Amino acid sequence: MRWQGNSDALVLGIETSCDETSAAVVRGGRQILSNVVATQDDLHAVFGGVVPEIASRRHTEVITLITHKALHQAQVSLAEIDLVAATQGPGLIGSLLVGVSAAKGYAAASGIPLVGVNHLKAHVMSNFIAPPGQHPPAQQLFPTVCLLASGGHTSLILMQQFGDCQSLGETRDDAAGEALDKAARLLELGYPGGPAIEQAAAQGDPNAVDLPRPRIEDSYDFSFAGLKTALARQVRETPPQAAQQVADLAASFQQAVVETLIHNLPAAAREHKAEQLIMAGGVAANQLLRRRLFEVGQSQGIPVAFPPLDLCTDNAAMVAAAGYFQAQRQGPSELDMDVFSSLPLLPYDQL
Ligand code: KG4
Ligand code: ZN
């Protein structure tokens, strides 16, 4: 199927890699015409984390409705769509299959080309998209260094120019969001853990509990497993009795995670002569992390940017945008494309 990569091409994006069902319409890889997200937080909260079977069942129930809503809000019909983009991985296999199968159905039934998108690249792309009439958060300033921190991934990415994507470092164990989710479970703060920790931390003293700042020498890699173990030990040895103690633990843990995430940024920015620092992924919604990124930008004398909250967490607008640029570069995917639970960024990759 031919792909006409015009600057006003309409892309229908579909995202179902974890527990958000989302569909969006994006024009020319930049302009968000609609971005509908249905969360499943209430379904998974009772289990303290995402239950894959429940997630894929709910995706199946709502994917058609959410897609129709996205088309309706964008005021376009399926016949006007030029490309369907769906998250192909990384993610939960059952969940990914629902979105990719729906995308294949729309593509096959309407004769529209299809493209499979890497979820991590889509997160980075969320810095370069905006609703009509608004500017994207990130400027076209390169080299740009991007901190990507989500529930499943934490990495530092260098973009020498728009579309370039070179991995400078990544987590050797847990992702930052995963650490926050596990900490919230330990502190019985609920799910999703990142926002729950952030809310509890607002009442706490970030210096109340001494937690480690894991560092990996001579590397831009991260590590969060030791931090999580230290919190578990602390809770076991001195179980928090009052809400204030829980708040202090949450604030101390949040501060340790944020400092660990930020630690590598100044050196990476200097080494690669970065002109801009950006962030992406669900953890980038964290207000303390956003403030700390600003401070790093100020200390390095370069601008910083991060997506608005609704584009930090999983959404299909970023998938549609990433799909547009990928199809422009290498054409559409085959209709029999597969899904992948693991789909790491290559050392030298392209968005
Ligand atoms: O990018 P995302 O929506 O999904 C993945 O691709 O994993 O990220 C979800 C992660 C979860 O671990 C969640 O706890 C974390 O992002 N998160 C936050 C905040 N909002 C979501 N972490 C810290 N502060 C927040 N406000
Ligand atoms: Zn994500």
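Is His 119 buried or exposed? His 119 has a relative accessibility of 5%, and since buried means under 20%, this residue counts as buried. Keep in mind while you look around that this is a predicted model.

## The zinc site

His 119 is a good place to start, as it's one of the residues that hold the zinc ion (ligand 2). The ion is coordinated by His 119 through NE2, His 123 through NE2 and Asp 314 through OD, at 2.0 Å. If you'd like to find these donors along the chain, look for the spacing H-x3-H-x190-D. That spacing ties distant parts of the chain together: His 119 sits in helix α4 (residues 119-125), while Asp 314 comes 195 residues away, in the loop between α11 (309-312) and α12 (317-330). And how does Asp 314 fare for cover? Its relative accessibility is 13%, so Asp 314 counts as buried too.

## The whole protein

Now zoom out. The protein has twelve helices and eleven strands. Its radius of gyration is 20 Å, close to the 20 Å that the globule rule gives for 351 residues, so the protein is as compact as a globular protein of that length. Put a box around the C-alpha atoms along the principal axes and you get roughly 60 × 45 × 35 Å.

How much of the protein is buried? Buried residues make up 55% of the 351 residues. Contacts tell you about the fold as well: of those with a separation of 6 or more, 73% are between residues 24 or more positions apart. On the outside, the accessible surface comes to about 14600 Å², and carbon and sulfur atoms account for 49% of that. As for charge, there are 22 positive and 35 negative side chains, with the centres of the two sets 2 Å apart.

## Some backbone oddities

Most residues other than glycine have a negative phi, and most peptide bonds are trans. A few spots in this chain go the other way, and here they are side by side.

| Spot | Backbone angle | Place |
|---|---|---|
| Gly 89 to Pro 90 | cis, omega near -10° | Pro 90: loop between β4 (83-89) and α3 |
| Phe 142 to Pro 143 | cis, omega about 5° | Pro 143: loop between α4 and β6 (144-149) |
| Glu 188 | phi near 55° | loop between α5 (176-186) and α6 (193-201) |
| Lys 273 | phi near 50° | loop between α9 (265-271) and β9 (276-280) |

The cis bonds lead into prolines: one joins Gly 89 to Pro 90, and another joins Phe 142 to Pro 143. Glu 188 has a positive phi although it isn't a glycine, and Lys 273 does likewise. Are these residues buried or exposed? Glu 188 has a relative accessible area of 73%, so it is exposed. Lys 273, at 63%, is exposed as well.

## Three more residues to visit

Ala 107 lies in helix α3 (residues 93-110). With a relative accessibility of 0%, Ala 107 counts as buried. To get a feel for distances, draw a line from Ala 107 to Ala 179: they're 72 residues apart in sequence, and their C-alpha atoms are 38 Å apart in space.

Next up is Ser 223, in the loop between α6 and α7 (225-237). Is Ser 223 buried or exposed? Its relative accessible area is 13%, and buried means under 20%, so Ser 223 is buried. Which residues does Ser 223 touch, leaving aside its neighbours within four places in sequence? Its contacts are Thr 171, Asp 173, Pro 214, Ile 216 and Thr 260. Gly 13 is another matter: Ser 223 and Gly 13 are 210 residues apart along the chain, and 33 Å separates their C-alpha atoms.

Finally, have a look at Ser 299, which is part of helix α10 (residues 287-300). Its relative accessible area is 53%, and the cut-off for exposed is over 50%, so Ser 299 counts as exposed. Ser 299 and Pro 266 are 33 residues apart in sequence, and their C-alpha atoms are 8.2 Å apart in space.

Conventions
Residues are numbered from 1 along each chain as its sequence is written. Chains are lettered from A and ligands numbered from 1 in the order in which they are written. This is a predicted model: local features need pLDDT of at least 70, side-chain atom pairs count only at pLDDT 80 or more; totals for chains, interfaces and linings use all residues. Side-chain values use heavy atoms; hydrogens and water are left out. Donors are N, O and S atoms within 2.8 Å of the metal (3.2 Å for Na, K and Ca); water is not among the atoms, so sites may look incomplete. Helices (H or I, at least four residues) and strands (E, at least two) are DSSP runs, numbered from the N terminus. Buried means under 20% relative accessible area, exposed over 50%, partly exposed in between (1.4 Å probe, protein chains only). The radius of gyration is taken over C-alpha atoms; the globule rule is 2.2 Å times the number of residues to the power 0.38. Contact means heavy atoms within 4.5 Å. Accessible areas come from the Shrake-Rupley method with a 1.4 Å probe; for residues, only the protein chains shown count as cover. Lys and Arg count as positive and Asp and Glu as negative; His and the chain ends are not counted. The place of a charge is taken as NZ of Lys, CZ of Arg, CG of Asp or CD of Glu.
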